[in-house]
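Biologist: Please pick one annotated part of this chain and take a close look at it, slowly enough for a first-year student to follow. After that, set it in its surroundings.

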Amino acid sequence: MFSGGLDSTYLLLRLKELGVADVHAVSVDLGEDESLEHKSQIAAAIGVRLHVFDRREDFARNYVLPALFANAVYLGIHPISSSLSRPLIARTAVELADEIGAKTILHTANRSQNTLRRLNGALELLGFDGDYGSPYDLDPVDREVKIQELKNAGIDHLNDRLTSGDSNLWCREFESGVLDDPEDHAVPESIYRWSSTAQKPQVDVTVTYERGVPVAIDGAR
């Protein structure tokens with residue numbers, strides 16, 4: 001399962017270095033930050049086949065919308081986001097695995113992340129008849145080590161990553177890197193994409209709903 005981030009890129013490199021000949025990078029487009037060009041460059045540099053599946057409509061209609069109706073939030077504050085995407089990503093990976101006859105599905109969650117249970121649980125419930133899991137479950141690799149080994153292999157697309165992030169058309173989340181400093185609670189301005197800490201003039205918008213579903217902003221569907 002390939003997001004285009006540091007962890008999944010490093011996993012692809014390690015698989016190739018270990019001599020695994022038939023590696024398929026599965027990317028599920030849910031409206032994330034990583035561009036198709038970025039993912040294609042990495043897949044080409046490592047020498048793996050990239051599969052990109054556009055699941056934005058499915059995600060918005062069948063995952064985000066029910067969560068919106070349910071006012072689904074975590075700790076009473078944060079909109080549930082990443083966890084919504086995991087079953088859909090897992091289902092897409094299983095469908096491709098069945099199509100090409102793959103016997104192993106790997107992801108890159110580690111033991112400290114709920115994603116590890118969500119992906120493994122989804123793969124089990126989907127009845128995938130093969131091996132699955134994350135190599136980072138019992139043997140996590142330091143972030144700086146991943147960056148350096150990728151750089152040594154000529155892959156420098158990720159050298160400027162300050163944090164680890166997860167994004168889709170519903171939310172953006174970040175962790176690790178500079179955010180792990182217990183003495184510094186500030187979030188760098190460069191991390192923000194959809195909003196800004198700077199004061200901006202207030203702008204009013206009109207949201208149109210049909211049967212509880214938001215369908216237009218200022219009249220534009």
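Modeller: A word on the record is needed before the part itself: UniProt positions are given in the numbering used here, feature names are shortened, and annotations may be inferred rather than shown by experiment. This is a predicted model, in which local features need pLDDT of at least 70 and side-chain atom pairs count only at pLDDT 80 or more, while totals for chains, interfaces and linings use all residues. Residues are numbered from 1 along each chain as its sequence is written, and side-chain values use heavy atoms, with hydrogens and water left out.

The part I choose is the one that UniProt, in an unreviewed entry, places at residues 2-115 under the name "domain: Arginosuccinate synthase-like N-terminal". This span is 51% helix and 17% strand, and its end C-alpha atoms lie 14 Å apart. Helices and strands here are DSSP runs numbered from the N terminus, a helix (H or I) having at least four residues and a strand (E) at least two.

Salt bridges are a good way into the detail, the term meaning a side-chain nitrogen of Lys or Arg within 4 Å of a carboxyl oxygen of Asp or Glu. By this rule the count comes to 12. One of these pairs is Asp7 with Lys146, whose closest N and O atoms are 2.5 Å apart. Because Asp7 belongs to helix H1 (residues 6-17) and Lys146 to helix H6 (residues 143-152), this contact ties together parts that are 139 residues apart in sequence. To say how covered a residue is, we call it buried under 20% relative accessible area, exposed over 50%, and partly exposed in between (1.4 Å probe, protein chains only). Lys146, at 6% relative accessibility, therefore counts as buried.

A second salt bridge joins the side chains of Arg91 and Glu95, at 3.4 Å from N to O. These two residues are 4 residues apart in helix H4 (residues 82-100), which means that about one helical turn separates them. Arg91 counts as partly exposed at 25% relative accessibility, and Glu95 is likewise partly exposed at 38%.

A third example is Arg111 with Asp137, where the closest N and O atoms are 3.1 Å apart. Arg111 sits in the loop between strand E5 (104-106) and helix H5 (114-125), and Asp137 in the loop between strand E6 (131-133) and H6, so this pair ties together parts that are 26 residues apart in sequence. Arg111 is partly exposed, with a relative accessible area of 47%, and Asp137 is partly exposed as well, with 22%. Returning to Arg91 and Glu95, we find them joined with Arg55 and Asp58 into one network by salt bridges that share partners.

The backbone deserves a look too. Most residues other than glycine have a negative phi, and most peptide bonds are trans. Asn71, although not a glycine, has a positive phi of about 50 degrees; this residue lies in the loop between helix H3 (56-69) and strand E3 (73-74), and with a relative accessible area of 63% it is exposed. Leu75, also not a glycine, has a positive phi of about 55 degrees. Leu75 is found in the loop between E3 and strand E4 (78-79), and it is exposed, with a relative accessible area of 63%.

Now for the surroundings. The same kind of record, again an unreviewed UniProt entry, places "domain: Arginosuccinate synthase C-terminal" at residues 164-220. Over this span the chain is 0% helix and 30% strand, with the end C-alpha atoms 34 Å apart.

Two surface patches complete the picture. Patches are made of residues with over 30% relative accessible area and no salt bridge, like charges being joined within 9 Å and nonpolar side chains (Val, Leu, Ile, Met, Phe, Trp, Tyr) within 5 Å. Glu173, Glu175, Asp180, Asp181, Glu183 and Asp184 gather in a patch of negative charge; among them, Glu173 lies in strand E8 (residues 172-175) and is partly exposed at 35% relative accessibility. A nonpolar patch is formed by Val203, Val205, Val207, Tyr209 and Ile217, which together have about 500 Å² of accessible area, a value from the Shrake-Rupley method with a 1.4 Å probe. Val203 is placed in the loop between E8 and strand E9 (207-210), and at 64% relative accessibility it counts as exposed.

Technical notes. Lys and Arg count as positive and Asp and Glu as negative; His and the chain ends are not counted. The place of a charge is taken as NZ of Lys, CZ of Arg, CG of Asp or CD of Glu.
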